[in-house]
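Trainee: I would like to learn how to read helix packing and unusual backbone geometry in a model. Could we work through some cases?

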Amino acid sequence: MNTPPSPPAAERTDGSSVRIGALVPLTRPGWVEAGQHLLAGLELAVHEVNDAGGIVGRPLELLVRDTAADPQRAAAAVDELARLGVAALAGEYHSVVACAAAARADTLGLPFLCSSAVLDALTEQPTEWVARLAPAQSHGWRIYADFLLSAGHSRIAVAAEPSVYWASGARILRDYLAPRGGTVVELDVRSLAPTAVCDELVGNRATALLLLVGHPEPAVSIVKSVRRDQRLAEIMIGAPAGQPEFAEWATSLGEDSTAIPFLRYLPERLSPLGARVETALRERLAEAPSFVAFEGYDTVAVLADVLRSHGADRARAAASWPRVAVEGTRGQIQFSRAPGISVWQWAWTPVQVVDRDPAQPDRFRILHAG
């Protein structure tokens, strides 16, 4: 399902609706499948809000903009959506893109509830305008590091591409593992072919390889090379950023897609609300919804609650972040100031380390929770 952005002709200009701007990666190089799941959650929640009477009798309207993983495009979209009179912004999956959107929202005085991006420093300075549902990278990736240690892995290699997000992840892992006897070796995939990555893993006696790279490439090629190298039969491959969550991963890698632990933000058991939303999302997506779809739904649930209380007044909406108390699909959502985090933060959504079951690749196994 690839829902295109709303065309300008379809956007209402009579002021009858309350509008939310939605930033979503729907074309490459954005992670399109994540964008589709995020949008499905946003749209489902908007539909349910309107079925229940809207925002004090006014329909809630979603103005969707495709960021295509481009920070400049996202910043321009924030400017456009602000001119169109949106009451708030929602969405985004890619951390670097969300940072650009958050900076613009802060400058313009536009409330932005970030759905899915995790980079700790979402804005350079503390801001009252931005809140976030996803856990900060430092929180989730430390839980992943705990999992590595509990599974007996202390010699960790990371295959990394250059980006603020991947560099931040590698630093979190190194800082957490070093005092606990772990080592992290970085392998620059710009200068190493997949077969050379295998040689480095053998030379460094690594017991785990973490993929801090884009999908499908070079992630798919690296996984295939490692799986076929008899010297690395015992090595664990991990993908903390969550690439194996999506069906495209299983399609690209087949049986090689399994037993690759990743982070996802779901409870062990969904609440009745979560279970109902899961059923509706599965129908919309024609596949099992990822945690990103739940993030989209919860984003609109929170914004609808804020807008019912404060209308489309941007300043009053932003001032209400610390008073939010909304039952989401994954628990009670409330925002606070977390140490080292510059935005209002839900601390914390449930965090799991899971993988695809080799015996049943469409089934996920919970390996660790935090």
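Trainee: At what angle do the axes of α4 and helix α5 cross?

Mentor: Keep in mind that this is a predicted model. The axes of α4 and α5 (residues 164-177) cross at roughly 50 degrees and come within 9 Å. Angles from 65 to 115 degrees count as roughly perpendicular and those under 35 as roughly parallel. The pair α4 and α5 is therefore oblique. Their crossing is right-handed.

Trainee: Which residues make the contact?

Mentor: On the α4 side they are Q137, S138, W141, R142, A145, D146 and L149. From α5 come Y165, W166, S168, G169, A170, I172, L173, Y176 and L177. Sorted by class, the contact of α4 with α5 has 10 nonpolar, four polar and two charged residues.

Trainee: What distance should the 14 residues of helix α4 span?

Mentor: Use the rise of 1.5 Å a residue. For α4 (residues 137-150) this gives an expected span of 20 Å, and the end C-alpha atoms are 20 Å apart, so the two agree.

Trainee: How many of the residues of α4 are buried?

Mentor: Take buried as under 20% relative accessible area. In α4, 10 of the 14 residues are buried, so the helix is largely enclosed by the rest of the structure. The buried residues are Q137, S138, H139, G140, W141, I143, Y144, A145, F147 and L148.

Trainee: Which residue with a positive phi follows α4?

Mentor: That residue is G152, with phi near 90 degrees.

Trainee: How should I read a positive phi elsewhere?

Mentor: Start from the general rule: most residues other than glycine have a negative phi. Two exceptions can be pointed out here. R205 has a positive phi near 55 degrees and is not a glycine. R205 sits in the loop between α6 (194-203) and β8. A259 also is not a glycine, and its phi is positive, about 55 degrees. The loop that holds A259 runs between α8 (247-253) and β10 (262-264).

Trainee: Is R205 buried or exposed?

Mentor: The cut-off for exposed is over 50% relative accessible area. R205 has 57%, so R205 is exposed. A259, at 26%, is partly exposed.

Trainee: What about peptide bonds? Which residues does a cis peptide bond join?

Mentor: The general expectation is that most peptide bonds are trans. In this model, R28 and P29 are joined by a cis bond with omega about 15 degrees. P29 belongs to the loop between β1 (18-24) and α1. Another cis bond runs from E217 to P218, where omega is near 10 degrees. P218 is placed in the loop between β8 (208-212) and α7 (219-228).

Trainee: Back to helix pairs. At what angle do helix α2 and helix α3 pack?

Mentor: Helix α2 (residues 71-83) and helix α3 (residues 95-108) pack at about 30 degrees, and their axes are 8 Å apart. The crossing is right-handed. The residues in contact are P71, A74, A75, V78, D79 and A82 of α2, together with V96, V97, A100, A101, R104, A105 and L108 of α3. By class, that contact has 11 nonpolar residues, two charged and no polar ones.

Trainee: At what angle do the axes of helix α1 and helix α9 cross?

Mentor: The axes of α1 (residues 32-51) and α9 (residues 272-285) cross at roughly 120 degrees and come within 10 Å. An angle has to be over 145 degrees to count as roughly antiparallel, and α1 and α9 are therefore oblique to each other. This crossing, too, is right-handed. In α1 the contact uses Q36, H37, A40, G41, E43, L44, H47 and E48, and in α9 it uses R276, V277, A280, L281, R284 and L285. Six nonpolar, four polar and four charged residues make up the contact of α1 with α9.

Trainee: Which residues does E278 touch, leaving out those up to four places away in sequence?

Mentor: E278 lies in helix α9 and touches L270, P289 and F294 on that count. E278 and P289 are 11 residues apart in sequence, with a C-alpha to C-alpha distance of 6.6 Å. The relative accessible area of E278 is 27%, so E278 is partly exposed.

Key: Residues are numbered from 1 along each chain as its sequence is written. This is a predicted model: local features need pLDDT of at least 70, side-chain atom pairs count only at pLDDT 80 or more; totals for chains, interfaces and linings use all residues. Side-chain values use heavy atoms; hydrogens and water are left out. Helices (H or I, at least four residues) and strands (E, at least two) are DSSP runs, numbered from the N terminus. The expected span of a helix is 1.5 Å times one less than its number of residues. Buried means under 20% relative accessible area, exposed over 50%, partly exposed in between (1.4 Å probe, protein chains only). Axes are lines fitted to C-alpha atoms, for helices over the stretch in contact, and angles run from 0 to 180 degrees between N-to-C directions. A crossing is left-handed if the near helix is turned anticlockwise from the far one by less than a right angle, and right-handed if clockwise. Contact means heavy atoms within 4.5 Å. Ala, Val, Leu, Ile, Met, Phe, Trp, Tyr, Cys and Pro count as nonpolar, Asp, Glu, Lys and Arg as charged, and the others, Gly among them, as polar.
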